[in-house]
Amino acid sequence: MQLQFFVQLLVSGIATGAIYALMAVGFALLWQTSGTINFAQGEFIMVSSFIILWLMGLLHIGLVPAFFLAMFISMFIFGFLFKRILVDPLLKYGDVPLIIATIGLGMIIRELTRIFWGANALPFPSLVKNKILIFGGLRVGTADLVTIAVAIVIIAALQLFLNKTFVGRSMEATAQNQDVARILGINVDRMILYTFLINAFLVTSAALLVTPKLLAKFSSGETFGLIAFMAAIIGGFNQVRGALIGGFLIGIIDNLAKFYLARVHLPFTDITLNLSPYALAIPLLLLIGVILFKPEGIFGRKEERSI
Amino acid sequence: MKRLLISIVLLFSLSQAQDSVLFIVPAEISGGGATVGNNWADGVKLAAEHINAAGGILGAQVVTEVLDTQTDPPTSKAVIAKGLEKNPFAVIGPVYSGSTIVNMVEAERAKTPQWVGSEAASITQQGNQFIFRTSSGQNGSIPKVTKFMKDEGINSVVIIYVNNEFGQGGRAAAVENFGNLGIDVKLELSTEQQQADFTPEVLQAIMVGADAIFAYVNEEESARLLIALQQQGVTIPVFGEAVLLSQVVLDLAGDAANGVAGHVNLTAEAPVPAVQEFRAAFEAKYGYTPDHNAMKGYIAMFVAKEMAERVGSFDKLAVAEQLHCSLITTEDEPGVLMDIAYDENGDIDRDTFLISIQDGKQVVTGVLPRLKNTCADQ
Amino acid sequence: MVAGYGATTILNSTTIEVHEAALTTVIGPNGAGKSTLFKAIFGMLPIREGKILLEGQDITHLKPLALLEKGMAYVPQGRNIFPQLSVEHNLEFGGISLKNLQETRVRMEKVYEQFPILKARAKKQAGTLSGGEQKMLEIGRAMLLEPKLLLIDEPSIGLSPILVQQTFDLLLALRDRGVSILMIEQNAKKALGISDYGIVLQQGRLAMAGTAQGILNHPEIGHLFLGGVVKV
């Protein structure tokens, strides 16, 4: 019984964690290649789900074609235009003006979404109709399985692209040392643009996967953005792999903490404490611990600065 | 220049003249509570339209000014304080208890009656003579749910509540009433707003093996909880209150909501002709089904209208005094939709409904008549 | 040539000349603008006035990629590898301006012949290489292009004396194959000792130029490195 519950919590934690990972990877990629800390990441995800819904209604098309269409729109707006209009002019003044600008951008997107699509949460179609599969005592929804599968395929494809293609490696090189990349003739500006396009793609994918569960709502971007940021810090800001694992970790730890803190049996006593109100603090404690003791992230590497 | 000054003075004197009466409407237009806040504000605006079409209040046209609290208590306090500078006749809103508790002192200080959609028990227990509810608070409605559960043969329960003012108030009232009825509370689980995955709570509920789950979380989280329960194949019955049974939750949770039962103060499904007329008018204007908050906002405006007419002026102090221990029937004022009685604290007594969800729709399974236990009936 | 960062002018009317198939060393005190000179030549800094000519062709405002295509390569100071990528993939970046992956692979084999150690470590992450091996990787990567002109900034920094000697030998071998090399060195005496020509920069201006031997023997040079001012 106990083990079965543990596995169940793990599986559903992985399903949410996979989506968090998608959110965090794009966040970390932007930071690596361009030094952009994008606090509008959550709003990008939120509004992408509205764009998908809007296209479905407007063109009377299914979820999948609407997703691909939304992906191109998102790449144009949150990839190309975001970089050209906001990031390029501001980045030369350092990180902080850009951080503040992205926070402002997030607010604008949030309020515009509310004005255009209203404040009510809207249901969002799932890629597959949720059927509950039972393995032994384990109950897993097909929707969760598809979510995990799609997230893993996207992340694996991204890793392959980054490691196995010349363009991907040029992006990695740009992320690791921009000056040297430029000296070698890598078109650094284009590589950075590619990262923004990839981030826009990841953001739309995350919207596709997360919204059936969390619903399309103008205010949900704040939570998404916070999670992406936390996952990236916990896992390691300077590595795609770190952000990835950070995302999964938050999904899983959240679940385990909620379950196991609900009834904490004090050893050698009959006292059982209900600590469920404090479960939220566990990922935050992890975050603080990482910042204090391993600021490069659990799976990150120390920044090496050449002199 | 002179002409400009004169026209400004003229404008001022026009707006000061009593051919219009101002209501400020603080509501959760943005932020986490936007679903309820917009329902509330739309209900208020519809009422204003209906009142104005019928000649206004004491001959004055109703003007509403919606103020966005952003679902943030300090903001709600600030916008109300600012709105009160215009000397409105009444404050209509907000809905979230966390905001009301913080901002109700502003209206009290300005000696302006305030009607709120909030249900936290503590709001009417502080001796504020200007605060009025539009539905019974948790202390009025939760005993009805728990009693209903007892009647259904429930002997043990798991409480799942949201960790905010609303959820904690509901949890406290539920624990007390379950205790009085001899229902064993096996576990209380705290959840967060915007929580994505309710699997841990559902598994805990399975593990402790209670007869029923009592769910007291916000709208979207209610839907997620019901979906998680369905996914884990939980068959134990789920009971709740207005939020759990609201139209929003039904829309979002789909067939996972079937079988959920409980008690609501107000529902657009109520088999009451006035409610059905309201619903039709609301749907025609806004294109969506009103929830209980829209009805509360609508009713608040008509209570204010009726009281101004009873007093015969827009004397705010007199209106607040008069409303305590008053009964307003639908014959007095059809806009209140159902007879409503106020007690000495601003709490109300009204017919309420037992509801269960069948095929994705609210079905009224019983009407609990007005208790007639307030000073209005003595 | 006049260039600098933002509003600050570092190089002020500096004129230098690099001889063909020779090793020319730039020396000068800290802050003289040696590295800035390289960045300006290699299109990393805007040039406000003046001209840069390569074999008579004007290359003043060209970007790095165009300069690579013209046969110029640049190895900056410090660590210039991508530590997370493999040695092989680091080396590969040397051939970007060839725009021909086939040709790049052929030339990579040539580099491997010269530096067998790089071939042995080809699949390893470049960050795991020792300091000397990393410098070899950088020079090998620059040589992949078979450049006419190589700019190399302080190759000896952080290397043991034996490795410094090896690096210098390598540069001499390149020169003997006809590559023109412009090098910055902190270790002026040693560098001038192996160089053909020398250039002395001071406060962004050319202080002295001539054969390496001539500069080495100039009475003012010792003075210069004691912090004085060269009078020419």
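Trainee: B:Pro94 sits in the loop between β3 (90-92) and α4 (97-109) of chain B. What is the peptide bond from B:Gly93 to B:Pro94, cis or trans?

Mentor: First, remember that this is a predicted model. The bond from B:Gly93 to B:Pro94 is cis, with omega near -5 degrees. Most peptide bonds are trans.

Trainee: What makes the phi of B:Cys325 worth a note?

Mentor: Its sign. Phi of B:Cys325 is near 60 degrees, a positive value in a residue that is not glycine. Most residues other than glycine have a negative phi. B:Cys325 lies in the loop between α12 (316-323) and β11 (327-328) of chain B.

Trainee: Now the chains. How do you know that chain B and chain C do not touch?

Mentor: Contact needs heavy atoms within 4.5 Å. The nearest C-alpha atoms of chain B and chain C are 35 Å apart, and the two chains do not touch. Two pairs of chains do touch, and the most contacts are between chains A and B.

Trainee: How many residues does each side bring to the contact of chain A and chain B?

Mentor: Chain A gives 38 residues and chain B gives 35 residues.

Trainee: What area is buried between chain A and chain B?

Mentor: The size of an interface is often given as the accessible area lost when the parts come together. Here that area is about 3,100 Å², and carbon and sulfur atoms give 57% of it.

Trainee: Why is the pair B:Glu220 and A:Lys217 called a salt bridge?

Mentor: Set the distance against the cut-off. The rule asks for a side-chain nitrogen of Lys or Arg within 4 Å of a carboxyl oxygen of Asp or Glu. In B:Glu220 and A:Lys217 the closest N and O atoms are 2.9 Å apart, so the pair passes. Across the interface of chain A and chain B the rule finds one salt bridge. It also finds 14 residue pairs in polar contact there, both at pLDDT 80 or more.

Trainee: Which elements give two or more residues to the side of chain A that touches chain B?

Mentor: They are α1 (2-34), α4 (95-117), β2 (138-141), α8 (188-214) and α10 (240-262) of chain A. The largest share comes from α1(A), with eight residues. By residue class, that side of chain A divides into 16 nonpolar, 14 polar and eight charged.

Trainee: And the contact of chain C with chain A? How many residues take part?

Mentor: There are 21 residues of chain C in contact with 21 residues of chain A. Together the two chains bury about 1,900 Å², with 66% of it on carbon and sulfur atoms. C:Phe82, C:Gln84 and C:Phe93 lose the most area to chain A, together 30% of what the chain C side buries.

Trainee: What makes C:Glu92 and A:Arg169 a salt bridge?

Mentor: Same test. Their side chains meet at 2.8 Å, N to O, which is within the 4 Å cut-off, so the name fits. The count between chain C and chain A is one salt bridge. Three residue pairs are in polar contact across that interface, both at pLDDT 80 or more. On the side of chain C, α2 (64-69) and α3 (87-92) each supply at least two residues. α2(C) gives the most, with three residues. That side holds 13 nonpolar, five polar and three charged residues.

Trainee: Why are α5(A) and α6(A) called roughly perpendicular?

Mentor: Two packed helices are described by the angle between their axes and the distance between the axes. For α5 (residues 142-164) and α6 (residues 166-176) of chain A, the angle is about 85 degrees and the axes are 5 Å apart. Angles of 65 to 115 degrees count as roughly perpendicular. The pair α5(A) and α6(A) therefore earns that label.

Trainee: Which residues of α5(A) meet α6(A)?

Mentor: A:Phe161, A:Leu162, A:Asn163 and A:Lys164. Among their partners in α6(A) are A:Phe166, A:Val167 and A:Met171. The residues of this contact divide into five nonpolar, two polar and three charged.

Trainee: How do you know that A:Arg114 and A:Glu111 form a salt bridge?

Mentor: Their side chains are 2.9 Å apart, N to O, and the limit is 4 Å, so the pair qualifies. Both lie in helix α4 of chain A, three residues apart, about one turn of the helix. Over all chains, a search finds 39 salt bridges.

Definitions and conventions:
Residues are numbered from 1 along each chain as its sequence is written. Chains are lettered from A and ligands numbered from 1 in the order in which they are written. This is a predicted model: local features need pLDDT of at least 70, side-chain atom pairs count only at pLDDT 80 or more; totals for chains, interfaces and linings use all residues. Side-chain values use heavy atoms; hydrogens and water are left out. Buried area is the accessible area (1.4 Å probe) that two parts lose on being put together, summed over both. A polar contact is a pair of N or O atoms within 3.5 Å; within protein, one must be able to donate a hydrogen and the other to accept it, and residues adjacent in sequence count only if both atoms are side-chain atoms. Helices (H or I, at least four residues) and strands (E, at least two) are DSSP runs, numbered from the N terminus. Ala, Val, Leu, Ile, Met, Phe, Trp, Tyr, Cys and Pro count as nonpolar, Asp, Glu, Lys and Arg as charged, and the others, Gly among them, as polar. Axes are lines fitted to C-alpha atoms, for helices over the stretch in contact, and angles run from 0 to 180 degrees between N-to-C directions. Angles under 35 degrees count as roughly parallel, over 145 as roughly antiparallel, 65 to 115 as roughly perpendicular and the rest as oblique.
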